[in-house]
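I opened this entry to keep track of what I look up in the structure. The plan is to go from the whole chain to helix pairs, cores and single residues.

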Amino acid sequence: MKTTFEQFIAANPTCGKFKDNADARRIFNIISWRENILKMMDMSEFGKPALAGCVKEIEEFCDSDNNKSIDLRDDFTRKMIGRMVKSVLEPYGYRVDKQKDIPQKACSKYFSTASCYVATEDSENFRMVINDDIMEVRKGNTLFSNFHLEYVIRFYERDGQTKYVSINGRHYDLHTKYPFKSQGNVHLIFLSEYGIWFGLSFDGQDSEMIVNSNPIIKQLIKKLNVDWEIDENYGFEVDDDTIFRIIKDSQEDMEFKIKIREVYNGGGEFSFCGVSKNEHEIRLHPYVDYAFYIGEDDLECFLYYFLTKYFDAYMPKNYQTAEEQCNKHEFDHWGCNYFTVPQILEMLDEITASAEMLRTDYDKAIQQDFAKNFSIFFMTDDDESQHYMPHDVAIKKHIGNVIDFYHRFVARMKKLIESKPDIEHIIITGP
């Protein structure tokens with residue numbers, strides 16, 4: 001069952017002085033919110049400290065007038081909150097793995113590091129567990145209650161690609177990568193009496209049974225549970241067609257995309273952020289709210305032409321920066337580059353026009369200067385295209401990924417510009 005505050009105190013006697021502390025209980029409740037548990041699970045899945053999923057809510061409470069007794073400047077208090085995270089995640093099958101820096105995008109004021117978590121494994125039988133309103137397969141318990149089998153799903157595969165999927169015996173065409181063999185796969189989808197979805201998944205691979213490792217089913221369950229409160233088609237009102245639509249849409253979402261990251265990964269990325277008239281040293285702190293990040297290889301391959309074309313080397317900000325760093329007056333791969341908002345908007349118009357040319361007149365577009373650095377190795381993770389196909393043929397085959405990237409980049413940059421009413425410059429900082 002879900003860990004209570006009383007159980008946390010009992011399991012952590014060194015935190016006993018907080019037993020009757022209402023503010024400590026409030027922090028524990030924040031960590032235990034369903035949304036925050038899911039965020040912490042996501043952080044764990046991507047190798048990030050779990051606390052990053054809810055540190056903002058914790059710090060906002062502690063800095064508010066509602067908090068009377070918790071001081072996050074105190075080292076022991078911060079450790080207590082780390083122990084709370086551990087107690088909350090343990091019933092869901094997670095254990096501490098290692099310490100890592102809190103992502104800078106989390107903008108934590110008081111925490112610099114926190115624990116990363118991994119899913120636990122043991123040698124007992126698999127089980128289904130209802131912990132509050134989050135359900136998952138666990139081991140060592142044979143109790144099955146309060147949920148009902150709604151769907152049986154099977155995938156039919158050939159040469160690593162699905163041909164169709166069967167949902168309660170009804171076949172739907174589905175063409176996507178499949179990491180297992182189709183023999184022996186069966187996926188049982190349950191619905192609890194509280195409207196929470198849960199899957200028990202089996203696949204075959206090299207004469208072995210693989211349990212609960214199917215990414216398609218994981219995505220399906222996550223989508224059902226995350227959206228069920230806000231989407232009229234989810235919750236209790238789900239039919240075969242809706243299940244297939246979610247699977248199909250999720251697979252399209254999981255297709256290769258040239259990444260625009262919202263969280264800084266620690267190196268090898270250009271940061272994009274906005275600075276208002278009252279901010280002078282933002283270039284020293286590029287990892288702020290509304291910032292986004294693009295890998296240096298992706299930037300050089302797809303954006304470098306546009307950035308160098310619209311970069312004004314003799315704009316006072318850039319000229320001063322170049323003089324300080326003894327660099328040439330040009331777009332600086334390793335330093336800070338300032339653009340005015342009108343310059344960026346003009347650049348975005350050209351990127352949009354270039355994407356449209358790639359879509360409607362590929363042969364002409366691929367001869368333009370902006371396309372000269374296109375590389376198949378940054379356009380897709382398709383091994384056949386990267387290693388066994390002529391480069392020009394592979395580029396044309398996957399040009400849709402570039403078009404998609406350009407549209408997402410334009411939209412994300414406009415969102416950045418709109419994030420501050422008095423924004424004066426966009427700063428692009430090299431890795």
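What percentage of the 431 residues in the chain is buried? I noted that the model is a predicted one, and that buried residues account for 47% of the chain.

**Entry 1: the chain as a whole**

I looked up the secondary structure and found 15 helices and 14 strands. I then took the contacts between residues at least 6 apart in sequence, and 62% of these join residues at least 24 apart.

**Entry 2: the largest core**

How many residues does the largest nonpolar core have? I found 46. Those with the most contacts inside this core are F272, L358, F374, Y406, F409 and M413. I checked which element gives the largest share, and helix α15, residues 399–418, supplies 10 residues.

I looked at F409 in more detail. With neighbours within four places in sequence left aside, F409 is in contact with I260, F272, F292, I294, L303, M347, L348 and I351. F272 is thus a partner of F409, and F272 is also listed among the residues with the most contacts inside the core.

I also noted another core of 35 residues, which lies apart from the largest one. It includes V55, L72, V88 and A114.

**Entry 3: α11 against α15**

For packed helices I record the angle between the axes and the distance between them. The axes of α11 and α15 cross at roughly 160° and come within 9 Å. The two helices are therefore roughly antiparallel, since an angle over 145 degrees counts as such. The crossing of α11 and α15 is left-handed.

Which residues make the contact? From α11 I listed V341, I344, L345, M347, L348, I351, T352, A355, L358 and R359. From α15 I listed I399, V402, I403, Y406, H407, F409, V410, M413, K414 and I417. By class, this contact has 16 nonpolar, two polar and two charged residues. L358, Y406, F409 and M413 take part in it, and these four are also among the residues with the most contacts inside the largest core.

I then looked up S354, which is found in helix α11, residues 341–360. Is S354 buried or exposed? Its relative accessible area is 6%, so S354 is buried, the limit being under 20%. Not counting residues up to four places away in sequence, S354 touches F306 and F370.

**Entry 4: α2 against α4 and α5**

I took helix α2, residues 22–32, with helix α4, residues 55–62. They pack at an angle of about 155°, and their axes are 9 Å apart. α2 and α4 are therefore roughly antiparallel to each other. Their crossing is right-handed. I listed D23, R26, I27, I30 and I31 on the α2 side, with E57, I58, F61 and C62 on the α4 side. By class, the contact of α2 with α4 has six nonpolar, no polar and three charged residues.

Next I took α2 with helix α5, residues 75–89. Their axes are 10 Å apart and the angle is about 45°, so α2 and α5 are oblique to each other. This crossing is right-handed. A24, I27, F28, I31 and S32 of α2 meet M80, I81, M84, V85 and V88 of α5. I counted by class here too: the contact of α2 with α5 has nine nonpolar, one polar and no charged residues. I27 and I31 of α2 appear in the contact with α4 and in the contact with α5. V88 of α5 is in this contact and is also one of the residues of the 35-residue core.

**Entry 5: single residues**

Where is D159 placed? D159 is in the loop between β5 (147–158) and β6 (161–167). Phi of D159 is near 55°, a positive value in a residue other than glycine. D159 is exposed, with a relative accessible area of 72%.

N168 is in the loop between β6 and β7 (170–173). Its phi is near 50°, again positive in a residue other than glycine. N168 counts as partly exposed, at 40% relative accessibility.

Last, I looked up I216 in helix α6, residues 215–227. I216 counts as buried at 1% relative accessibility. I216 and S250 are 34 residues apart in sequence, and their C-alpha atoms are 7.7 Å apart in space.

Key: Residues numbered from 1 in each chain as written. Predicted model: local features only at pLDDT ≥ 70, side-chain atom pairs only at ≥ 80, totals over all residues. Heavy atoms only, no water. Core = buried A, V, L, I, M, F, W, Y, C linked by side-chain atoms within 4.5 Å. Buried < 20%, exposed > 50% of the residue type's maximum accessible area, 1.4 Å probe, protein only. Helix = DSSP H or I, 4+ residues; strand = E, 2+ residues; numbered from the N terminus. Contact = heavy atoms within 4.5 Å. Axes fitted to C-alpha atoms, helices over the stretch in contact; angles between N-to-C directions. Parallel < 35°, antiparallel > 145°, perpendicular 65-115°, else oblique. Left-handed = near helix turned anticlockwise from the far one by under 90°. Nonpolar A, V, L, I, M, F, W, Y, C, P; charged D, E, K, R; others polar.
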